[in-house]
Amino acid sequence: MESSDVELDLQRSVQAVLRELSAQAPALQSNRGMWRWSLHKKVERDPGKSPMLVRILLRELEKAESEDARHIIIPLLHTLMYVLTKATGITEELHRRTYAFCTRLLTLPAPYCTIALDCAIRLKTETAVPGTLYQRLVIAEQNLTSELYPYRERVFLFVDPELVSPSVCSALLLEIEAASGQQTPEACMRHVVSHALQAALGEACHAGALQRKLLASSRPALEGYFHAVVTAVEQMAREPSPSREGHLERLEEIYCSLLGPAAAARGRCGGDSLQDEPLSVPLPSPRITFHLWTDEEQLWKELVLFLRPQTQLRLSADLEALDLQGLLPDWELARASMLSTDSGIERDLPLGADELLAPGSPEAERAGLQRKGGIKKRVWPADIVMPGSWDGPPGLHRRTGRPSGDGELLPGVSRLHTARVLVLGDDRMLGRLARAYRNLRKRETQRFCLTPRLSLQLYYIPLLAPETSAASRRSELGELAAFLGRADPWYEGIVNSLCPTIHKLAEMPLSLDTSQTVDPFILDAITYYVRMGTQPVYFQIYTVKIFSGDLSQDPAEDIFLTELKVKIQDSKFPKDSFSPRRRGVAEGPGAELSICYQKALLSHRTREVTVSLRATGLVLKTLPASDTEVSGPTLCTPTAAPDTDHMCLKVSVTEIVKTSNLAGRSFSVVTNTFRTANIQIQSQDRRLLTLLLDKDSCRTYKDVVRFEVAPCPEPCSRTQKSKVLGLSSHQQEMERNKAKAKPLLIPINTFSGIVQ
């Protein structure tokens with residue numbers, strides 16, 4: 001195919017992706033996500049098309065910049081960076097043009113400037129040291145051993161068998177196992193060596209001979225080539241001013257040691273034109289482990305096993321003993337102070353601890369009268385204790401050029417591991433994930449084992465039942481997915497479109513023939529999401545305190561993420577129980593409720609409202625219901641601390657209004673809606689209530705007479721409590737109020753976050 005025909009074909013594919021982002025035609029809606037996948041597959045099968053595709057994408061990005069078509073900038077930029085990470089024949093001029101474009105985006109508001117800065121930092125390294133992004137990605141995702149780049153990543157795919165059919169679970173598991181079976185450590189090391197040499201040497205690299213040499217090499221020899229290439233790339237990338245020429249010289253030496261000086265010289269002179277064509281170096285999919293969701297402790301257990309050394313993988317049934325077998329808590333590092341056991345006087349120190357002084361000398365006399373500080377304080381950052389998110393301080397959520405685990409929360413303890421937790425299901429699964437996330441954060445306040453070492457990233461792919469997914473996008477069980485699709489159009493096209501495709505995969509007959517290579521669309525889409533989805537959207541978790549009609553029972557506490565539904569039971573509790581019936585209350589449908597809430601005002605002023613009304617039910621929702629509310633109260637920018645006044649619940653009350661006329665007494669139904677952050681509801685006429693959390697029938701509370709809802713606070717650690725004990729009563733109260741005002745947010749990663 002001629003170059004003009006190739007360029008025209010790639011241009012058509014790019015235009016199809018742009019039409020998918022702009023048009024609402026049903027024909028395009030049914031193939032959402034396919035256009036991006038087919039575009040990447042074209043350059044993967046023919047690496048020679050990569051430079052041409054980069055030029056086309058750059059041209060479209062510059063056109064979008066000039067026309068202020070911002071809705072296509074982030075999707076095209078993600079597509080371009082994905083091509084640059086996998087390609088080998090990109091010239092320095094194309095890298096510099098892309099870098100210049102990203103620097104111009106820094107003047108735009110978030111999330112454009114945030115994503116552009118992330119891409120610009122990565123491009124600066126890739127321009128000077130080609131192949132760095134590919135090498136670091138493969139080493140981290142495949143857990144290859146490297147002293148210069150010790151980062152590790154893993155994708156944990158959780159599916160709840162109670163919510164997802166067995167056929168879907170089997171289909172996903174078979175696709176993951178089929179891909180992982182072809183990704184041996186030897187194959188991944190060959191990919192790293194081949195990609196680094198082709199990216200640096202370009203046309204001078206004899207790709208065919210290099211591939212044959214690597215395939216014929218033994219495991220020790222292959223490891224030697226791999227470590228030599230990684231050392232050359234990492235050492236050059238870490239220099240203050242990396243030189244592309246110096247990098248080329250070092251890789252030429254490795255290339256000559258592989259093929260010999262004669263073959264290397266023949267490659268530089270041209271050689272066989274058929275053999276010198278660039279070979280496709282695949283980018284292996286990340287290491288994905290498939291898990292069936294069984295209990296809330298499973299998430300914490302799998303993260304601990306991920307951090308522990310391979311030699312200590314002896315699973316204990318006792319979860320409390322599990323974290324002590326391979327991971328001792330960092331409490332010695334995490335506590336604010338250490339109590340000294342000596343008297344504080346130097347002459348009481350045991351002999352031999354230091355150099356002995358001559359008796360009667362002036363130094364000995366002064367030492368006998370000096371005191372040492374009884375409390376040895378450690379100096380550490382102010383935000384070291386239980387940060388607001390697992391990504392460290394506010395700002396960029398993924399430092400460019402290395403996985404999100406980069407950085408230190410404690411001195412001497414590096415966050416070398418990144419756990420990408422991907423859940424499949426509906427809103428009920430997200431509710432269970434929120435409970436596990438809250439329990440994990442509470443456990444960390446006691447143990448402090450995972451936070452200093454691990455960066456936790458959460459991802460979500462909606463998977464509704466077939467009859468539900470065929471309905472509207474805003475179906476009852478897919479509200480959070482619909483919200484993310486409105487907030488991030490690229491998430492809508494890539495992730496939300498996977499639901500019908502996954503069900504089609506489950507309906508296909510199982511094929512046990514592994515001799516044929518099949519392009520796994522679903523696995524590729526998941527891989528693209530976990531790699532490029534680095535911008536989180538934060539959701540407030542709400543806590544509910546539930547009082548039963550039985551006074552002998554203690555109040556129960558639970559949390560919810562998306563919805564709390566209240567129904568009126570037909571039964572009543574005894575008159576001498578929790579709340580007596582009010583006099584003068586007429587019988588009728590529903591129940592007489594007393595509602596006390598703090599009204600959400602734009603002025604942030606506190607205004608409490610108390611009303612009594614008769615209602616047949618209530619619904620408390622945490623998510624905006626329309627596009628105009630996307631930037632509403634449930635969101636929090638990463639660069640600003642959340643404000644509880646903006647964390648609003650939308651309360652819908654189905655009220656019964658009594659009217660009297662000549663025909664007698666009648667009742668009408670009216671739905672009232674208001675916003676609040678805190679609410680207390682109590683039954684006044686001995687009617688019992690039923691609470692349903694996150695639409696999950698397994699989380700139902702019956703025989704309720706009163707409940708209280710408020711934003712779930714961030715768990716308080718022992719270190720924070722110890723700091724409070726050393727303050728005055730007024731300062732203690734201020735510290736407690738400050739701690740209470742910090743809500744617990746759960747981050748769900750998307751491609752762009754919130755696009756205003």
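## Overall build and unusual backbone sites

In the chain, residues 24 or more positions apart account for 77% of the contacts with a separation of 6 or more. The model described here is a predicted one, and its chain holds 25 helices together with 19 strands. Of the 756 residues in the chain, buried residues make up 52%, while the accessible surface of the chain comes to about 34,700 Å², with 53% of that surface belonging to carbon and sulfur atoms.

Against this background, a few places in the backbone deserve a careful look. Most residues other than glycine have a negative phi, and most peptide bonds are trans. The peptide bond that runs from alanine 110 to proline 111, however, is cis, with omega near 10°, and proline 111 itself is found in the loop between helix H6 (92–104) and helix H7 (112–128).

Asparagine 143 and aspartate 694 have positive phi values, as the table sets out.

| Residue | Phi | Loop between |
|---|---|---|
| Asparagine 143 | near 55° | helix H8 (132–142) and strand S1 (152–159) |
| Aspartate 694 | near 50° | strand S17 (687–693) and strand S18 (700–711) |

Are these two loop residues buried or exposed? Asparagine 143 has a relative accessible area of 19% and therefore counts as buried, since the cut-off for that word is under 20%. Aspartate 694, with a relative accessible area of 0%, is buried as well.

How values were computed
Residues numbered from 1 in each chain as written. Predicted model: local features only at pLDDT ≥ 70, side-chain atom pairs only at ≥ 80, totals over all residues. Heavy atoms only, no water. Helix = DSSP H or I, 4+ residues; strand = E, 2+ residues; numbered from the N terminus. Buried < 20%, exposed > 50% of the residue type's maximum accessible area, 1.4 Å probe, protein only. Contact = heavy atoms within 4.5 Å. Areas by Shrake-Rupley, 256 points an atom, 1.4 Å probe, with all protein chains shown as cover.
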